[in-house]
Amino acid sequence: MKTLDSTRLAAFVAVAREGGFSKAARTLGRTQSSISEGVSQLEDELGHRLFVRDARSTRLTPEGRVLLEHAERILDEMQLARTRLESAGSQPQGELTVGTTDTLACYLLPPVFAALRREHPGVQLRLENRPSPSIAVEVAERRLPVGVISLPLPSELKAGGRPVAERLRIEPLVKLEEVVICPPGHPLARRKTVSALQLVEHPLLLLDRSTGTRALLDRAFDALGKTPEVVMETRSVDVLKRLVELGFGVSVVPSMAVAREGRARSLAVVPLQRLGPDRSVGLITHATGQLPPAARAFAQLARQLIR
């Protein structure tokens, strides 16, 4: 039997993960024809059809599902070997892309970024700012080496057909708390805490539905059988803070984002009563635990400075 070609295996895995040849081509930065050719050659080598193709979908055959399980492991081991070779005796240098959210990049991670620049000037830092579930999938599929995200992740979240948590190493670093913000003269500003039931009585400015904070609130409102008046939604905490200061409504944001406004009393910051499981900020890497030198240096600094 011929040795399986890693490029063809990578094409096969990408098609299986993305559910189509065109999406796989975009993910790998290749042409669709080269992806199709690679999969066809792999099918010829193995003597099995790997996908059922029709006008609407591309699905794995039973043989394809068997191969996918092994192919992912093979590619993971190959990547692990490359990473260990790159790490052997080398100093952190080159480009490092860290996945995180806008809020964490702005309010939690700057001391880590500064320390990385100071201690490892040969590393060029790049940020990929997306919602936490998207970052988790990218780290699980090795498109990013490391991420700092809000936890817990949605239990239904998958990467490559498997629960994403199975493909990640997840390290909680610090507790994440949401608070209610409103103008200092607002009725809620006089309360010691605010419940979801009290919150729903006011016009709300909320983070959008891609965020963990919004998911937490939506579940609480659903449990109450209440539909809040959401007058604005956005992914930007800074936009929410400014609009609340101008009296457009009330919002819920991570407490780290309003420490300065709370001290200056430009906003009233009131604890939100617990709505569900404890939340935290976590460091995520691939389950293998092997990182390039620059990513390993970043992870070590994040553990030291955030904890």
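Visitor: How do you know which strands sit side by side in the open sheet that contains β4 and β8?

Guide: Its 5 strands run in the order β4-β3-β5-β14-β8, with mixed pairing. Two strands pair if DSSP finds at least two bridges between them. β3 and β4 have 7 bridges, in the parallel sense, so they count as a pair. One of those contacts links V98 to its bridge partner L127 in β4. The strands themselves are DSSP runs of E, at least two residues long; helices are runs of H or I, at least four, and both are numbered from the N terminus.

Visitor: And what am I looking at, exactly?

Guide: This is a predicted model, where local features need pLDDT of at least 70 and side-chain atom pairs count only at pLDDT 80 or more, while totals for chains, interfaces and linings use all residues. Residues are numbered from 1 along each chain as its sequence is written, and side-chain values use heavy atoms, with hydrogens and water left out.

Visitor: What makes α12 a helix that packs on this sheet?

Guide: Contact means heavy atoms within 4.5 Å, and α12 touches β3, β4, β5, β8 and β14. Its direction makes about 30° with that of β8; axes are lines fitted to C-alpha atoms, for helices over the stretch in contact, and angles run from 0 to 180 degrees between N-to-C directions.

Visitor: How do you know whether the length of α12 agrees with what it should span?

Guide: The expected span is 1.5 Å times one less than the number of residues. For the 14 residues of α12 that comes to 20 Å, and its end C-alpha atoms are 20 Å apart, so the two agree.

Visitor: Why is there talk of a nonpolar core?

Guide: The name goes to a set of buried Ala, Val, Leu, Ile, Met, Phe, Trp, Tyr and Cys residues joined through side-chain atoms within 4.5 Å. The largest one has 25 residues, and L96, L283 and F298 have the most contacts inside it. α12 gives the most, with 8 residues. Leaving aside neighbours within four places in sequence, F298 is in contact with residues including L96, V98, F113, V148 and L283.

Visitor: Why is L240 called buried or exposed?

Guide: Buried means under 20% relative accessible area, exposed over 50%, partly exposed in between (1.4 Å probe, protein chains only). L240 comes out at 0%, so it is buried. This residue lies in helix α10 and, not counting residues up to four places away in sequence, touches L205, L206, L207, T234, S251 and V253.

Visitor: How do the cysteines C106 and C182 fare on that scale?

Guide: C182 is at 0%, so it counts as buried. C106 is at 42%, and is therefore partly exposed.

Visitor: How many disulfides are there, by the rule used?

Guide: The count is 0; a disulfide would be a pair of cysteine sulfur atoms within 2.5 Å.

Visitor: What makes β11 and β13 edge strands?

Guide: They belong to an open sheet of 5 strands, ordered β11-β10-β12-β9-β13, with mixed pairing. β11 (230-234) and β13 (268-271) each have a single partner strand, so one side of each lacks a neighbour in the sheet. Inside it, β9 and β12 pair in the antiparallel sense over 4 bridges, and V180 has V252 as its bridge partner in β12. Helix α10 (residues 237-245) packs on this sheet, touching β9, β10, β11 and β12.
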